[in-house]
Amino acid sequence: MFFVKLGSSCLSPFIERLFHCVGANHRQAGYCSLTGAKQNLERLFYLIEFAKLSLPVQPLCTQRIIMTQLTITKPDDWHLHFRDGHLLDETVPATARCFERAIVMPNLVPPVTTKAQALDYRSRILAAAHKYSHTNAASFTPLMTLYLTNDTTPATIREAISAEIPAAKLYPAGATTNSDAAVSGIEALYPVFESMSDVGMLLLIHGEVTETDVDIFDREKQFIDQHLDPIRRRFPDLKVVFEHITTADAADYVLQGGDSLAATITPQHLLLNRNDLLVGGIRPHNYCLPVLKRNTHQRRLQEVVASGASCFFLGTDSAPHTKHAKENCCGCAGCYSAWSAIELYAKVFENLGVLEKLEGFASHYGPDFYGLARNTDTITLAKEAWKVPEQITLANGDDIVPFFAGQTLDWKLVS
Ligand SMILES: [Zn+2]
């Protein structure tokens, strides 16, 4: 159900007729609720805009409609880092707050490389979720992934798919946190990609080259040319998710990639650019990998999500580090966005004027691409200002600074 608040000047007979014709079923004190089809609301916006255009002398509706509540299919997070051990007590409930499922990255120490390790990790996550049975955490479903190394074999893949592990992650060695065990010489994995393609396992890619002579701002583009495009040409049926894309090059490559290619996009890459990392002092809590890019790339990412293209979906890359590890002379990469994830995306879509496109991005396109059912529950966000905490203190006394700490968000998850 959608609620719209109307300015008093809207309450003219003409607007009342509009409500009637789009099926608004209740209106009082300047509020109108539209139940059922979301298209009703879109039609209403369209008709009012049309009325303003066609009646230039005295517009009948001069005040913007403000959406004050938004109910969408419960979303999933298609890329995040829970870490392990006592951190699960923090990260799992924070994500289960608003997401039904999450694709869990396997870059632990040691990494999750086998079915047995993935299932063990899964039970540790579920144990943490069940501690919080009073919240949504009890119904939370982690979707596990394998970490590809030079020791991964087609047999490893067949075993994993038998345990409903839907995906494996390719990290070029040294690309990000705990990726030292990863693949050097990606072509050596082609037999593994072939078996993934055969059994229908998705390949998730951290798409950056790691050669030291390549500028950090160019690493994603080079990865497309050197590795991603050859992999996709060789295995056209292999479903690939280009994770946490950051550049116009990646967005455009995915747009023309056909049905077997999609990408996740993080809140930080939609909300920020490299000025937010480097201007006026280094901002360690905005530091992540792939690193924030120039604003032209940020704008292209905003354009593609605003277009509603179904090859782009939600993946926060939420990745906690302690405050000490971030505010350090060699600070760690990663933004811990779970505390405000869906609200941050709502901010992005509202800023772009396409709030009605949030549901597809957050709740529909991910499961569609993975071949899983969409969730049947819903969540509701209300237009209500709240402040992201300055920091969170874990049970062991460590502090974590969440992404967007101390800043105000206009949308809040209410149920
Ligand atoms: Zn990640």
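In the predicted model, valine 240 of strand S10 lies opposite leucine 261 in strand S11. Strand S10 covers residues 240-242 and strand S11 residues 261-265, and the two run parallel, joined by three bridges. Both strands belong to an open sheet of eight strands, arranged in the order S5-S6-S7-S8-S9-S10-S11-S12 with parallel pairing. At the edges of this sheet are strand S5 (77-80) and strand S12 (312-314), each of which pairs on one side only. From one strand to the next, the twist averages 30°. In general, the strands of a sheet pair through backbone hydrogen bonds, in either a parallel or an antiparallel manner.

Strand S7 (residues 141-147) is largely enclosed by the rest of the structure, because five of its seven residues are buried. Its pairing with strand S6 (residues 101-104) is parallel and extends over four bridges; here arginine 101 stands opposite threonine 141 in S7. Strand S7 is also joined by three bridges to strand S8 (residues 167-170), again with the two strands running parallel. In this pair, leucine 146 faces alanine 168 in S8. The connection from S7 to S8 passes through helix H5 (residues 154-162), forming a right-handed β-α-β crossover.

Alanine 168 also appears in the largest nonpolar core, which has 98 residues. The residues with the most contacts inside this core are Ala168, Leu203, Phe242, Val254, Ala263, Phe312 and Tyr345. Helix H13 (residues 341-351) supplies the largest share of the core, with seven residues. In soluble globular proteins, nonpolar side chains tend to be buried together. Beyond its neighbours within four places in sequence, phenylalanine 312 is in contact with Val254, Ala263, Ile265, Val304, Val305 and Phe361.

Helix H13 itself is largely enclosed by the rest of the structure, since nine of its eleven residues are buried. The buried positions are Ala341, Ile342, Glu343, Leu344, Tyr345, Ala346, Lys347, Val348 and Phe349. These buried residues pack against several elements. Among them are the edge strands S5 and S12, together with helix H9 (267-271) and helix H14 (358-370). Strand S13 (378-387) and strand S16 (408-413) are likewise packed against by the buried residues of H13. Glycine 353, which follows H13, has a positive phi near 75°.

A further helical contact involves helix H8 (residues 248-255) and helix H11 (residues 295-306), whose axes are 8 Å apart and meet at an angle of about 30°. The two helices are therefore roughly parallel to each other, the angle being under the 35 degrees that this description requires. In the contact, Ala248, Ala251 and Leu255 of H8 meet Thr296, His297, Arg300, Leu301 and Val304 of H11. Val304 is also one of the contacts of phenylalanine 312.

Aspartate 237 occupies the loop between helix H7 (219-234) and strand S10. With 11 other C-beta atoms within 10 Å, aspartate 237 is exposed, as 12 or fewer such atoms place a residue in that class. When residues up to four places away in sequence are not counted, aspartate 237 touches Ser197 and Ser260. The C-alpha atoms of aspartate 237 and methionine 196 are 9.7 Å apart in space, while the two residues are 41 residues apart in sequence.

Definitions and conventions
Residues are numbered from 1 along each chain as its sequence is written. This is a predicted model: local features need pLDDT of at least 70, side-chain atom pairs count only at pLDDT 80 or more; totals for chains, interfaces and linings use all residues. Two strands pair if DSSP finds at least two bridges between them. Axes are lines fitted to C-alpha atoms, for helices over the stretch in contact, and angles run from 0 to 180 degrees between N-to-C directions. A nonpolar core is a set of buried Ala, Val, Leu, Ile, Met, Phe, Trp, Tyr and Cys residues joined through C-beta atoms within 7 Å. A residue is buried if 20 or more other C-beta atoms lie within 10 Å of its own, exposed if 12 or fewer, and partly exposed in between; C-beta atoms are placed from the backbone. Two residues are in contact if their C-beta atoms, placed from the backbone, lie within 7 Å. A crossover is right-handed if, with the strands pointing away from the viewer, the path from the first strand over the helix to the second runs clockwise. Angles under 35 degrees count as roughly parallel, over 145 as roughly antiparallel, 65 to 115 as roughly perpendicular and the rest as oblique.
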